[in-house]
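Trainee: Could you pick one part of this model and go through it closely, together with what lies around it?

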Amino acid sequence: MVFKRRDRRPVWRILVEFFWPRGGWGRAARYIQYRLHRLPDPPERIARGVFAGVFTAFTPFYGMHFVVAALIAKTLRGNIIASLLGTFFGNPLTYVPIAFSSLQTGYWFLGIDRHEPDHKSVLDRFAYAAGDLWHNLVAWFTGEPTNWTELILFYDKVFYPYLIGCILPGIVSGLVCYYLTVPVIRAYQSRRRGALKAKLAALKKKQGDAAGGSPEE
């Protein structure tokens, strides 16, 4: 295949590069910045796409961030490519503070007391919900009774508070990135247009000098 890697990476290498990509997160951030600068849309449209991507990074729809970001960007008439790049605001280095801020805000909005006896840790809730899901999938084939208790608790104690709580920090972070993106993209596009005009003027001058200096027949 044309796009298949020649060197097959071992599983441990894939996991390491997921948390720390080759060249580091600084290089990955510079690449995303470069791609944003090269987008042809107006700065405001690109920034709306960035807003959509950053906001989506705060939502609990893991595995669907690209789809959600694209839908939000389309609704806001933002650049869809910029929204996909904006989702990289959420990465293995930022997921913990993002999840913490979203959950704590959700608990505060909903008035949920985290010190109640039935509150397990978030990781425990994920583990129990995954166990419930696996048990019920197997039960469909074996005929055993299904039990959705842990999944319901996961929704009540984790997913729903996360979904509600992500709105405020997501909007604030998205707006900050929006207002930072507009002047940066505008300055880059203006500088690029100036450079292209200078190159075009230099090319025309070179062609004019060549035509003026050519001997007459």
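**Helix α6 and its surroundings**

Mentor: Helix α6 has 16 residues, and from its first C-alpha to its last it reaches 22 Å, close to the 22 Å expected at 1.5 Å a residue. The expected span is 1.5 Å times one less than the number of residues. Helices here are DSSP runs of H or I with at least four residues, strands are runs of E with at least two, and both are numbered from the N terminus. The model is predicted, so local features need pLDDT of at least 70 and side-chain atom pairs count only at pLDDT 80 or more, while totals for chains, interfaces and linings use all residues. Residues are numbered from 1 along each chain as its sequence is written, and side-chain values use heavy atoms, with hydrogens and water left out.

The chain around α6 has 9 helices and 0 strands. Of its 217 residues, 32% are buried, where buried means under 20% relative accessible area, exposed over 50% and partly exposed in between, with a 1.4 Å probe and protein chains only. The chain exposes about 14,900 Å², and carbon and sulfur atoms supply 66% of that; the areas come from the Shrake-Rupley method with a 1.4 Å probe, and for residues only the protein chains shown count as cover. Of the contacts between residues at least 6 apart in sequence, 67% join residues at least 24 apart, a contact being heavy atoms within 4.5 Å.

Within α6, the buried residues are Ile-98, Ala-99, Ser-102, Leu-103, Thr-105, Gly-106 and Tyr-107. Leu-103 is also among the members of the largest nonpolar core that touch the most other members; the core has 17 residues, and the others in that group are Ile-46, Val-50, Val-54, Phe-58, Ala-82 and Tyr-162. Two or more core residues come from each of α3 (43–57), α6 (95–110), α8 (149–165) and α9 (167–212). The largest share, 4 residues, is that of α6. A nonpolar core is a set of buried Ala, Val, Leu, Ile, Met, Phe, Trp, Tyr and Cys residues joined through side-chain atoms within 4.5 Å.

Tyr-162 ties α8 to this helix. Apart from neighbours within four places in sequence, Tyr-162 is in contact with Ile-98, Ala-99, Ser-102 and Leu-103, and also with Phe-58, Thr-59, Pro-60 and Tyr-62. Tyr-162 is one of the buried residues of α8, along with Glu-150, Phe-154, Lys-157, Val-158, Pro-161 and Gly-165.

Helix α8 has 17 residues that should span 24 Å at 1.5 Å a residue, and its end C-alpha atoms are 23 Å apart, which agrees. There is nevertheless a kink of about 40° centred on Tyr-155, the bend at a residue being the angle between axes fitted to the seven residues ending there and the seven starting there. Tyr-155 is partly exposed, at 42% relative accessible area, and Phe-159 is partly exposed as well, at 22%. Both lie in α8, 4 residues apart, about one turn of the helix. Rings of Phe, Tyr and Trp (its six-membered ring) pair if their centres lie within 6.5 Å, with planes under 30 degrees apart counted as stacked, over 60 as edge-to-face and the rest as tilted. That rule gives 10 aromatic pairs. The ring centres of Tyr-155 and Phe-159 are 5.9 Å apart and the planes are at 25°, so this pair is stacked. Ring pairs join Tyr-155 and Phe-159 to Phe-61 and Tyr-160 in a cluster.

Now the two ends of α6. Just after the helix, Gly-111 takes a positive phi of about 70°. Ile-112 sits in the loop between α6 and α7 (122–142) and is partly exposed at 23% relative accessibility. C-alpha to C-alpha, Ile-112 is 8.6 Å from Pro-161, although the two are 49 residues apart in sequence.

On the other side, Thr-87 lies in the loop between α5 and α6. Thr-87 is buried, at 4% relative accessibility. Leaving aside neighbours within four places in sequence, Thr-87 is in contact with Gly-53, Ala-57, His-65, Phe-66 and Ala-69.
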